[in-house]
Amino acid sequence: MGDLEAVIGLETHIQLNTRSKIFCACKADSWGEPPNTNICPVCTGLPGVLPALNRAAVEKAVLLAGAMDAEAIQPLSYFARKNYFYPDLPKGYQISQYDEPLARGGHLELPMPDGTTRRVQITKLHLEEDAGKTVHQGRRRLIDFNRCGVPLIEMVTAPDLRSPDEAAQYLIRLRQLLRWLGISEGEMEKGHLRCDANVSLRPRGAAYLNPKTEIKNVNSIDAVRLAIQTEIERQTRETQAGRPIEAWTLEWDEDQGALRKMRSKETEADYRYFREPDLLPIRLDDEWRDQILRTLPELPLRRRARFTEQYGLPVYDAEILTEERSLADYFEAAVATYRGEAKTVSNWMINDVLRMIRERGVNAAQLRLAPTDLAEIVRMVESKQVTTNTGKELLMKAEESGRRPAEIVGAEGLAVVADERALGELAAEVIRDSPAQAAAYKGGKTTLIGWFVGQVMRKTGGRADPQRTRAIFEDLLSR
Ligand code: ZN
Ligand code: MN
């Protein structure tokens, strides 16, 4: 038995953050709302209704296709009916796309730990509607139609992934990209990003594909990693025992941490696809397509690379600062006003601003502390107008009050006491009040210098310039 390698492909469903559903005017996001309160005859599939396509859903899908560098964003794509019976699918079919999807080809780039990037091919990207939700309550099955008709992008990768970690990495980067583009919240726990994984094994280096199983219903990145790992182990055992792998559909049981067989996998013929007769094709002329693609922002990995080149940041800093678009924007705005070392601003961002963002549960754009305020604080600290500790305090105060840092420094008297005479008087006072320490210092215990400086710090509320204070004490105590 030779060495085996895992062959993994992911099919993701992405919930778009449009205001209304894909074929009706119902609100798309009904998270936390009572069941069946956000529905209408169209999304519940009553007889005689007609769907009407939501333009914003198309635009968001085209934007993602552009970000994937799709080889073909089709000028003409069609909706199709995917027929199957399930209680939470009131029409008895899902409106999806099939033989002529919105886009084909493209790739998502994954940064590897060794600094290289790896391309995962995307085979196709299409639009479809979501189904409802079946809620299990003891022996009862309750149906919530709120989710019916929520716009989804289905995106399928080639079998390019080789390990559970790569699959997880793909989802992390995809989620980052969705938020970056502002087309989905990408919260797996809320079902904004759902993932099915196809898994098979083959001898390492082989070019053919063995029968695969499909893992459904994994709703966190950790669960994806664990479910794939579990399935790789099962297939390895089966293969080594000489048993064939059958094309099952498996369900990940989150509570048991185990895979369960749901059914033998459907074939495409089971869905009896045909063109949706109630909708016109999506006609995406060059002008509309270009207009959408012009809004594509610089993508995260590109921006990360630029941060290392343009600002001389370490990859570590660049990675953190480009995790989220508003954070990257904030950093660049702060650097532009600061005009000094970008790395200094980066340190403040990573150590202090990020902590504030997490504590507040907001994103960088929602902070009251503006990038120009951060730049001002960094400048005051670097030019020794305020101490580092005061700088950190200023961040919090500016965020809480919405006032400008310089204003706070003025109003609260936070500026560093660097005035020789003022410091000299304070130091003389300390020496007068502490004759024992002064004698000890003069007797050779010079490590006491820190204690003396500390006394002046206490008197000034931490605002004394430490170097000057130290020099003053050394001078006074050597007399
Ligand atoms: Zn509706
Ligand atoms: Mn689908």
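**Domains and a manganese site in a predicted chain**

The protein chain is assigned domain 1 (4–293), domain 2 (300–412) and domain 3 (420–477), with bounds from an automatic or database domain assignment. This is a predicted model, where local features need pLDDT of at least 70 and side-chain atom pairs count only at pLDDT 80 or more, while totals for chains, interfaces and linings use all residues. Residues are numbered from 1 along each chain as its sequence is written, and side-chain values use heavy atoms, leaving out hydrogens and water.

Colleague: What makes H13, E128 and E154 donors of the manganese ion (ligand 2)?

Modeller: Donors are N, O and S atoms within 2.8 Å of the metal (3.2 Å for Na, K and Ca). H13 (NE2), E128 (OE) and E154 (OE) coordinate the ion at 2.0 to 2.2 Å, so they qualify. Water is not among the atoms, so the site may look incomplete. Along the chain the spacing reads H-x114-E-x25-E. H13 lies in strand β1 (residues 4–15) and E128 in strand β8 (residues 117–129), so the pair ties together parts 115 residues apart in sequence. Strands are DSSP runs (E, at least two residues), numbered from the N terminus.

Colleague: Why is H13 called buried?

Modeller: Buried means under 20% relative accessible area (1.4 Å probe, protein chains only); exposed is over 50%, partly exposed in between. H13 has 13%, so it counts as buried. E128, at 2%, is buried too.

Colleague: How do you know that the protein chain is not a compact globule?

Modeller: The globule rule is 2.2 Å times the number of residues to the power 0.38, with the radius of gyration taken over C-alpha atoms. For 479 residues that gives near 23 Å, but the protein chain has 31 Å. The centres of domain 1 and domain 3 are 68 Å apart.

Terms used. Chains lettered and ligands numbered in written order. Helix = DSSP H or I, 4+ residues; strand = E, 2+ residues; numbered from the N terminus.
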